[in-house]
Amino acid sequence: MQGSTTVVNNVSSDHEASSNDASSAATKRPRVVVAEDEALIRLDLTELLEEQGYEVVGQAGDGEEAVALATELEPDLVVMDVKMPKMDGITAADKIAEDRICAVVMLTAFSQRDLIERAKEAGAMAYVVKPFDASDVVPAIEIALARFAEIRAVEDEVSDLEERLESRKVVDHAKGILQSSLGLSEPEAFRWIQKTAMDLRKPMREVAQGVIAHDDGRDRPQAQD
C-alpha cells in the first residue's frame, strides 16, 4: 500500500509521544466500583486499591447493585466477584459490557477458573484469582483499562456493530505485527496506530490495514524473472 513504509518508519517519534501521553494519563486516579458479597474481602480490596492510588467510588454486595452503581456512577472500572447473590458476576459483567459503561475485572477462586472463558465472553477484560495481593490486582486493572480504552477508541469510529467487530480484529492483528516487529508493548502498539491515524487523518482500521499490507509485502517472496 502506498505510504505504508512511511507509516512504519514514523514509530520512533510516535513512541516517544505515546510515552509522554501515558505520563499525563497516569496523573488521573481511576475511579473504581468494588463488587464482592463477602464484606471482609470487599473491605480489604477497597483498602488495597486506595493504597495503590485508585479512587473507590462505590461498593456493592450483589450483582444487581453492581450494575446499578456502574450505571449511576460511570466509573472507569468495576472489580467484581464471579459468584454473587441476586445476579452473578458474569451476568452483571455482560450487562456492563453491553452498555459500554466501563472496564471489568473479575475475581475468582482457583476452583472457579473454568468460569473465566464465560467471563471473557461476557466482556470481562482481565481476572484475578483469590487469594490475591497488589502484585496480582494492579496489573490486571491496568490491562483491563487499556483494553477498554482501545475498544472505545476503535468503536467510536464506526456505528455499525458488525463493522466495529471487524475493525477491532484488524487493529488487533496490526498490533501483533507491531509488537513482534518493533518490540512494542500492546498499549504502545495501539497508541502508535491511534496517533498515526490522527496524524494522517485516516481511520485506525485503514492505518492497521496498511501495517498488515506492509508486513505481507515484506514477507512475500519476490517473483522470479
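Six salt bridges are found in a search of the whole structure, which is a predicted model. One of them pairs Lys28 with Asp76, whose closest N and O atoms lie 3.9 Å apart. This pair links distant parts of the chain, 48 residues apart: Lys28 belongs to the loop between helix 2 (11–25) and strand 1, and Asp76 to the loop between helix 4 and strand 3. Lys28 is exposed, with a relative accessible area of 54%, whereas Asp76, at 24% relative accessibility, counts as partly exposed.

A salt bridge also joins the side chains of Lys86 and Asp62, with an N to O distance of 3.9 Å. Lys86 is located in the loop between strand 3 and helix 5 and Asp62 in the loop between strand 2 and helix 4, so the pair ties together parts that are 24 residues apart in sequence. The relative accessible area of Lys86 is 68%, and this residue is therefore exposed; Asp62 has a relative accessibility of 10% and so counts as buried.

Lys202 and Glu206 form a further salt bridge, in which the closest N and O atoms are 3.7 Å apart. Both ends are partly exposed, with relative accessibilities of 33% for Lys202 and 31% for Glu206. In addition, Glu36, Asp81 and Lys130 are joined into one network by salt bridges that share partners.

Lys130 of this network is part of strand 5 (residues 126–130), along which the side chains alternate. Ala126, Val128 and Lys130 point to one face and are buried, while Tyr127 and Val129 point to the other face and are not buried. Strand 5 runs parallel to strand 4 (residues 103–109), and five bridges join the two. Within this pairing, Met106 stands opposite Tyr127.

Asp62, described above as a salt-bridge partner of Lys86, also makes a contact at the start of helix 4, where one of its side-chain oxygens comes to within 3.0 Å of the backbone nitrogen of Glu64. Helix 4 itself spans residues 63–73 and has Gly63, Ala66, Val67, Leu69 and Ala70 as buried residues. Viewed down the helix axis, the buried residues fall within an arc of 165°, and they therefore line one face of helix 4. The elements covering these buried residues include strand 1 (31–35), strand 2 (55–60), strand 3 (77–81) and helix 5 (89–98). Just after helix 4, Glu74 adopts a positive phi of about 50°.

Terms used. Residues are numbered from 1 along each chain as its sequence is written. This is a predicted model: local features need pLDDT of at least 70, side-chain atom pairs count only at pLDDT 80 or more; totals for chains, interfaces and linings use all residues. Side-chain values use heavy atoms; hydrogens and water are left out. Buried means under 20% relative accessible area, exposed over 50%, partly exposed in between (1.4 Å probe, protein chains only). Helices (H or I, at least four residues) and strands (E, at least two) are DSSP runs, numbered from the N terminus. Two strands pair if DSSP finds at least two bridges between them. The arc is that of the directions from the helix axis to the C-beta atoms. Contact means heavy atoms within 4.5 Å. A polar contact is a pair of N or O atoms within 3.5 Å; within protein, one must be able to donate a hydrogen and the other to accept it, and residues adjacent in sequence count only if both atoms are side-chain atoms. A salt bridge is a side-chain nitrogen of Lys or Arg within 4 Å of a carboxyl oxygen of Asp or Glu.
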